[in-house]
Amino acid sequence: MDKFQFFAPSEVLFGKNVEAKVGAMCKKYGAHKVLVHFGGNSAKKSGLLDRVCASLAEAGLQYVLLGGVVPNPLLSKIKEGVELCRAQGVDFILAVGGGSVIDSAKGIGYGLANEGDVWDYYERKKAVTGCAPIGVVLTIAAAGSEMSNSSVVTKDEGMLKRGLTTDYCYAKFSLLNPELTYTLPAYQTASGCTDIMVHTLERYFTGKQTKQLTLVDNIAATLLRNVMRNAKIALKEPNNYDARAEIMWSGTLSHNGITGDRTLGDWSCHQLEHELSGMFGVAHGAGLAAVWGSWARYVYKENVARFAQLAVDVFGLPYNYRDEEATALEGIAAMESFFRHIGMPTNIHDLIGSELTEEQIKELAHKCSFMGTRTIGQFRVLTEEDMANIYRAAK
């Protein structure tokens, strides 16, 4: 196992009714005036927003509200939040929602703690020097942003999607109540489970394989099997607490670095999907399912044994010692079959309802390559041409 640093400083409270402690937790971490940041009407209709605000008031904290976060959170909302926080003297940001709300909150935190246009930091034009403190009440098990150091946002002009990863943006605390995910639509539940799985797969297919990753590999395989098993249960029984709890904690662990040395993850599928959701506004997990199989078939020959190991360890397929490649391809097909089983698309046509045009393919690849200035991936390094080929294969 290579050298690595594991840093997961967020305090997690997990279980029924933990959101009732949000006021005390904000106060514990130095809050005086809180921005309550959320998405659409579900937080209001469910009564969650009222409970959160009541807890803040009980703790003697002032608060202001800012809703309207959309999937694939927009830079314009982040800038609105920064202006509101500065005008109102906010010193703590509370995200009540899923990954999009949390990432938007992180963007606001960056904007408060750093001078100038926050987009410059997402484009790496300036180096981040801090982030305002953030807390989380999680309502969607998917992105893992509640315990990760990543944030992904979309610039309204041109729908450019960019990620920013620094240790400044870790949430001070995250409150995880699986009951808050009961009302999620089936498609959103399945999309979230897919995101969790691909976070693990991105780390599983690293750019550097050694013989000393057995523990990490077993953690990853167990997490993948756990999500697959409980996704099926949750889709049939939306109010099954145990299944929702397993999925929620898996989502957190899948993206806090415990499933692998995070410096070695591939992340090609995420980069490819970012451009799809930027162009078409699709659900992130669904977009990942649509490109994963095409990516896998494009790169698997770089390390056939690694894909064969996935087939055996996750799907229980027999290892074909005479034809290792056949085992690898069976594993890829099995992963796609699972995605289809839970209602996820496995190609872009099924994702957006039409095939990509050649012009769209070239635009997606050009944006994904940051206008021809970068490659992506570590399992296999992908050029802009490679990116275009994968989009073609997935279209």
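These legends go with a set of close-up views of a predicted model. Local features are taken at pLDDT of at least 70 and side-chain atom pairs at pLDDT 80 or more, while totals for chains, interfaces and linings use all residues. Numbering runs from 1 along each chain as its sequence is written, and side-chain values rest on heavy atoms, with hydrogens and water left out.

**View 1. Asparagine 114 and its two backbone partners.** Asparagine 114 sits in the loop between helix H5 (99-113) and helix H6 (119-122); helices here are DSSP runs of H or I with at least four residues, strands are E runs of at least two, and both are numbered from the N terminus. With 4% relative accessibility, asparagine 114 counts as buried (buried is under 20% relative accessible area, exposed is over 50%, partly exposed is in between, with a 1.4 Å probe and protein chains only). Its side chain reaches the backbone oxygen of tyrosine 110 at 2.8 Å. The asparagine 114 side chain also reaches the backbone oxygen of glycine 130, at 2.9 Å.

**View 2. Salt bridges around residues 120, 123, 125 and 126.** Side chains of opposite charge can pair when their charged atoms come close. A salt bridge here is a side-chain nitrogen of Lys or Arg within 4 Å of a carboxyl oxygen of Asp or Glu, and the count by this rule is twelve. Aspartate 120 pairs with lysine 126, with 4.0 Å between the closest N and O atoms. Aspartate 120 is buried at 17% relative accessibility, whereas lysine 126 is partly exposed at 38%. Glutamate 123 and lysine 125 also meet in a salt bridge, 3.5 Å from N to O. In that pair, glutamate 123 is partly exposed at 28% relative accessible area and lysine 125 is exposed at 58%.

**View 3. A salt bridge between glutamate 275 and arginine 162.** The closest N and O atoms of this pair are 3.8 Å apart. It ties together distant parts of the chain: glutamate 275 belongs to helix H10 and arginine 162 to strand S7 (residues 160-165), 113 residues apart. Both residues are buried.

**View 4. Positive phi at asparagine 72 and tryptophan 267.** Most residues other than glycine have a negative phi. Asparagine 72 isn't a glycine, yet its phi is positive, about 60°. It lies in the loop between strand S3 (62-66) and helix H4 (75-88) and is buried, at 10% relative accessibility. Tryptophan 267, not a glycine either, has a positive phi of about 70°. Look for tryptophan 267 in the loop between helix H9 (241-254) and helix H10 (268-280); at 18% relative accessibility, it counts as buried.

**View 5. A nonpolar patch on the surface.** Phe4, Phe6 and Ile258 make up this patch of about 280 Å². Patch residues have over 30% relative accessible area and no salt bridge; like charges are joined within 9 Å, and nonpolar side chains (Val, Leu, Ile, Met, Phe, Trp, Tyr) within 5 Å. The areas come from the Shrake-Rupley method with a 1.4 Å probe, and for residues only the protein chains shown count as cover. Phenylalanine 6 falls in the segment before strand S1 (11-14) and is partly exposed, with a relative accessible area of 43%.

**View 6. A negative patch on the surface.** Asp323, Glu324, Glu325 and Glu330 form this one. Asp and Glu count as negative and Lys and Arg as positive, with His and the chain ends not counted. Each charge is placed at CG of Asp, CD of Glu, NZ of Lys or CZ of Arg. Glutamate 324 is part of helix H13 (residues 324-341) and is partly exposed at 30% relative accessibility.

Methods: Polar contact = N/O pair within 3.5 Å; in protein donor to acceptor, adjacent residues only side chain to side chain.
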